[in-house]
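Reader: I have a structure to read and do not know where to start. Please take me through it one feature at a time.

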Protein chains: 2
Amino acid sequence: MSNKRYTCHMEPHEPDLADIPVTTVLAALADDVRLQIVRALVEDGEAACGTFDFGVSKATRSHHLKVLREAGLTRTRAAGTSRLVRLRRDEVDRLYPGLLDAVLGARSSA
Amino acid sequence: MSNKRYTCHMEPHEPDLADIPVTTVLAALADDVRLQIVRALVEDGEAACGTFDFGVSKATRSHHLKVLREAGLTRTRAAGTSRLVRLRRDEVDRLYPGLLDAVLGARSSA
DNA sequence: TCCAATGTTCGAGTATCGTCGAACCATCGA
DNA sequence: TCGATGGTTCGACGATACTCGAACATTGGA
């Protein structure tokens with residue numbers, strides 16, 4: 001592995017979804033905050049990190065966005081001082097057809 | 001809550017899937033051993049607990065079956081000295097259409 | 001050049017999870 | 001009645017996960 005520090009605004013690590021174990025993808029979706037982020041992304045298309053305010057600190061929010069990104073679910077690009085996040089919907093749908101719809105359309109409680 | 005001990009072969013707790021948070025269902029599926037169990041259930045229909053031998057102790061196996069059951073994904077019935085487990089496929093498919101297909105059909109690595 | 005705004009990283013605390021051996025319970029057959 | 005078989009529960013352990021405040025990095029504007 002590289003011993004180069006992963007400094008702040010480097011190109012974030014965005015793996016190919018096909019290289020991610022299914023369990024990792026499911027685990028990434030198995031959290032309330034992250035699910036709210038995903039819902040917001042479906043709704044708004046692309047959004048700056050700061051727009052996701054779900055009652056957690058910005059450190060925690062950053063952590064959740066990292067989990068989603070490293071699970072191959074989102075992509076991030078820099079835009080000024082912000083970073084814009086968007087869902088990799090097409091890739092997810094191709095690899096796991098129906099998954100997002102099933103999860104997001106869930107009319108179960110909570 | 002009841003203070004009655006949940007002794008061994010009582011009727012197991014099998015909640016209505018609609019009462020389970022999505023995150024709980026996803027978390028239940030986000031484990032390799034449990035996913036193997038689900039795959040085996042899809043394959044074999046109904047199977048005794050003991051038939052799931054995925055390199056874990058029987059205590060661990062029992063734990064995983066409990067997680068699946070309490071997530072509303074499986075149903076268990078006693079049969080002699082064994083307990084037969086089966087997937088609640090129809091209910092899962094009705095509440096999360098496409099979820100199981102997407103997860104099980106995953107042609108991603110691992 | 002300095003400051004404010006936006007995120008990320010670090011370190012630490014707490015909680016939850018996966019795992020096991022040991023002890024236990026329930027059922028069936030000898 | 002006793003033992004063997006099949007599962008469950010308990011208690012403990014180590015590993016992960018979620019959370020936060022604090023410190024840092026990057027960008028853009030005053």
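Author: What follows covers the relation of the chains, then the charged side chains. This is a predicted model, in which local features need pLDDT of at least 70, side-chain atom pairs count only at pLDDT 80 or more, and totals for chains, interfaces and linings use all residues. Residues are numbered from 1 along each chain as its sequence is written, chains are lettered from A and ligands numbered from 1 in the order in which they are written, and side-chain values use heavy atoms, with hydrogens and water left out.

Reader: By what turn and shift can chain B be laid on chain A?

Author: Two copies of a chain are related by a rotation about an axis and a shift along it. Here a turn of 180° and a shift of 0.0 Å along the axis lay chain B on chain A with an RMSD of 0.0 Å (superposed by least squares on the C-alpha atoms of residues with pLDDT of at least 70 in both). That is the relation of a two-fold axis. Both copies use the same surface: 100% of the contact residues of chain B recur in chain A (contact means heavy atoms within 4.5 Å).

Reader: How many salt bridges are there over all chains?

Author: Side chains of opposite charge can pair when their charged atoms come close. A search of the whole structure gives 12 salt bridges over all chains (a side-chain nitrogen of Lys or Arg within 4 Å of a carboxyl oxygen of Asp or Glu). One of them joins A:E14 and A:R75 at 3.4 Å, N to O. A:E14 is in the segment before helix 1 (22-29) of chain A and A:R75 is in strand 2 (residues 74-79) of chain A, so this pair ties together parts 61 residues apart in sequence (helices, H or I of at least four residues, and strands, E of at least two, are DSSP runs numbered from the N terminus).

Reader: Which residues share a network with that pair?

Author: A:R88 and A:E91 also form a salt bridge, at 2.7 Å, N to O. Both A:R88 and A:E91 are buried (under 20% relative accessible area; exposed is over 50%, partly exposed in between, with a 1.4 Å probe and protein chains only). Shared partners join A:E14, A:R75, A:R88 and A:E91 into one network.

Reader: Which buried residue has no salt bridge?

Author: B:R34, in helix 2 (residues 32-44) of chain B, is buried without a salt bridge. The nearest side chain of opposite charge, B:D31, is 4.4 Å away (Lys and Arg count as positive, Asp and Glu as negative; His and the chain ends are not counted). Leaving aside neighbours within four places in sequence, B:R34 has contacts that include B:H64 and B:L68.
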